[in-house]
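Colleague: I have a model on my screen and want to learn how to read it. Can we go through it feature by feature?

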Amino acid sequence: MIHLQHLVKDYGRTRAVDDLSLEVTAGEVCVLIGPSGCGKTTTLRMINRLIEPSSGHILIDDQDISQIKPERLRLSIGYAIQSVGLFPHMTVATNIAVVPKLLNWEKEATSQRVEELLRLVGLDPGEFGHKYPGQLSGGQAQRVGVARALAADPPILLMDEPFGAVDPLTRERLQYQFARIQQELKKTVILVTHDLNEAIRLADRIAIMSAGKLVQYDTPETILSRPANKFVHDFVGTDRALKRLSRIGVEGFVKPANPVAITDSISKIAAVIGRQPSAWVVNGDGRLLGWIDRKSLAQASSASQVLVAQTADEVAISRGATLHEALSLMLGQGVKSVPVVDEQERLIGEVSLSDVEAATVETEA
Ligand SMILES: Nc1ncnc2c1ncn2[C@@H]1O[C@H](COP(=O)(O)OP(=O)(O)O)[C@@H](O)[C@H]1O
Ligand SMILES: [Mg+2]
């Protein structure tokens with residue numbers, strides 16, 4: 001557990017951090033969020049003793065970190081920053097191995113660890129291990145940065161806008177991947193961001209800061225439904241109901257989709273469709289192939305003649321998606337329901353706009 005007690009940091013006459021007290025539970029993700037200049041980076045840098053507080057204390061597992069040598073302290077804390085900070089003249093593998101080397105790990109153990117971490121962050125070790133940072137895309141470099149922070153398996157991870165410098169799509173992928181990794185590793189994480197959606201998506205608890213002070217520290221649900229004051233209310237914005245949808249998985253809302261099989265006869269398909277305007281079409285393995293319009297059936301002799309082919313990544317969402325993603329897809333495509341598929345793109349059902357709306361109203365109450 002990380003315990004910040006009445007932390008203050010002054011730079012001359014600027015009070016960057018102002019009487020900040022905060023407890024971060026082991027194995028949880030605490031997201032520090034607030035406007036630029038509110039003291040987020042300064043707080044993180046005090047936790048790994050890159051800078052010293054003007055007053056106050058930081059305890060890790062009840063030990064005051066001012067009593068721990070900074071070099072030793074930092075071996076138990078992974079640190080990933082927005083600019084990534086990879087050493088440009090070292091390969092990806094050497095970059096990740098920096099801390100294991102400091103810890104005198106065996107060569108074999110180190111290279112095994114490097115491979116394992118590259119796979120964990122979704123990069124092929126054979127392809128990327130020998131590359132130099134300059135040969136990576138922004139998103140790839142960020143992933144190497146996260147792998148390096150995890151290298152010595154530190155119990156604590158500090159991340160300062162780790163997904164900041166990439167395009168929105170890559171950012172969402174990295175967030176999703178981080179959430180998956182964290183589910184597995186259960187690190188104690190303090191993550192800094194100024195992106196509220198990122199905070200809502202990743203946080204167990206959100207700490208909202210303003211001008212060096214902590215203004216609210218709560219679960220995302222509570223921050224969205226009961227903002228502590230006008231600052232938080234304004235910061236969180238007006239579409240709170242929408243934002244809450246990104247905390248709700250679609251799985252509880254999936255209803256049967258009554259698909260037809262591409263090999264079914266036209267008469268069977270007509271019977272399944274009944275009075276619905278259309279139906280989803282799957283192959284023999286249940287994989288989504290597209291859809292069929294009821295009106296087109298009359299002239300057809302086989303389903304494949306009138307199939308509107310559409311791949312799952314165009315029209316469907318995965319069962320791990322949130323209601324927010326489902327809604328975005330519906331709004332983007334102008335449809336009132338979207339199919340939900342499993343990891344093999346097999347159709348497992350659909351989610352409808354009315355269910356999303358109902359969830360919005362419920363969570364608003
Ligand atoms: N090394 C420094 N010297 C002087 N002022 C600093 C220094 N680092 C940060 N500050 C000031 O402290 C305040 C908080 O900065 P910072 O923690 O970087 O904010 P954030 O990460 O939330 O954007 C800002 O007013 C910033 O200008
Ligand atoms: Mg900062």
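Colleague: Let us take the hairpin of strand 12 and strand 13. Which residue takes a positive phi there?

Modeller: G286 does, with phi near 85°. The hairpin has 5 residues between the strands. Keep in mind that this is a predicted model.

Colleague: How do the two strands run, and how many bridges join them?

Modeller: Look at direction, then count bridges. Strand 12 (residues 278–282) and strand 13 (residues 288–293) run antiparallel. They are joined by 5 bridges. In one of the pairs, W280 has W291 of strand 13 as its bridge partner.

Colleague: What is the bridge partner of W291 in strand 14?

Modeller: V308. So follow W291 both ways: W280 is its partner in strand 12, and V308 is its partner in strand 14. Strand 13 and strand 14 (residues 308–309) also run antiparallel, with 2 bridges between them.

Colleague: Positive phi again. Which residue other than glycine has phi near 45°?

Modeller: H6. H6 lies in strand 1 (residues 2–11). E345 is not a glycine either, and its phi is positive, about 65°. Find E345 in the loop between strand 16 (337–341) and strand 17 (347–352).

Colleague: Those strands belong to a sheet. What is its order?

Modeller: Read the order as a list of neighbours. Here it is 15-16-17, an open sheet of 3 strands with mixed pairing. Strand 15 (317–318) and strand 17 stand at the edges. Each has a single partner strand, so one side of each has no neighbour in the sheet. Strand 16 and strand 17 pair in the antiparallel sense over 5 bridges. S337 stands opposite S352 of strand 17.

Colleague: Which helix lies across these strands?

Modeller: Helix 16 (residues 323–333). It lies across strand 15, strand 16 and strand 17 and runs at about 130° to strand 16.

Colleague: Now the sheet of 6 strands. What is the order there?

Modeller: The order is 6-7-8-3-9-10. The sheet is open and the pairing mixed. Strand 6 (77–81) and strand 10 (213–218) are at the edges; each has a single partner strand, so one side of each is left without a neighbour in the sheet. From one strand to the next, the twist averages 15°.

Colleague: In which sense do strand 3 and strand 8 pair?

Modeller: Parallel, over 5 bridges. Strand 3 covers residues 29–33 and strand 8 residues 188–193. V29 stands opposite V189 in strand 8. Helix 7 (residues 138–149) packs on this sheet, touching strand 6 and strand 7 (156–160). Its direction makes about 165° with that of strand 6.

Colleague: Last, the ligand. Which residues are around ligand 1?

Modeller: Start with the shell, then look for polar contacts. The residues around ligand 1 are Y11, T14, A16, P35, S36, G37, C38, G39, K40, T41 and T42. They divide into 4 nonpolar, 6 polar and 1 charged.

Colleague: Which polar atoms lie 2.5 Å and 2.8 Å from it?

Modeller: A polar side-chain atom of T42 lies 2.5 Å from an oxygen atom of ligand 1. For T41, a side-chain N or O atom is 2.8 Å from a ligand 1 oxygen atom. C38 uses its backbone: a polar atom there is 3.2 Å from an oxygen atom of ligand 1.

Colleague: How much of ligand 1 does the protein cover?

Modeller: The protein covers 58% of the 560 Å² of accessible area that ligand 1 has on its own. Strand 2 (14–24) and helix 1 (40–47) are the elements giving two or more residues to the shell. Helix 1 gives the most, with 3 residues.

Terms used. Residues numbered from 1 in each chain as written. Chains lettered and ligands numbered in written order. Predicted model: local features only at pLDDT ≥ 70, side-chain atom pairs only at ≥ 80, totals over all residues. Heavy atoms only, no water. Near = heavy atom within 4 Å. Polar contact = N/O pair within 3.5 Å; in protein donor to acceptor, adjacent residues only side chain to side chain. Areas by Shrake-Rupley, 256 points an atom, 1.4 Å probe, with all protein chains shown as cover. Helix = DSSP H or I, 4+ residues; strand = E, 2+ residues; numbered from the N terminus. Nonpolar A, V, L, I, M, F, W, Y, C, P; charged D, E, K, R; others polar. Pairing = 2+ DSSP bridges. Axes fitted to C-alpha atoms, helices over the stretch in contact; angles between N-to-C directions. Contact = heavy atoms within 4.5 Å.
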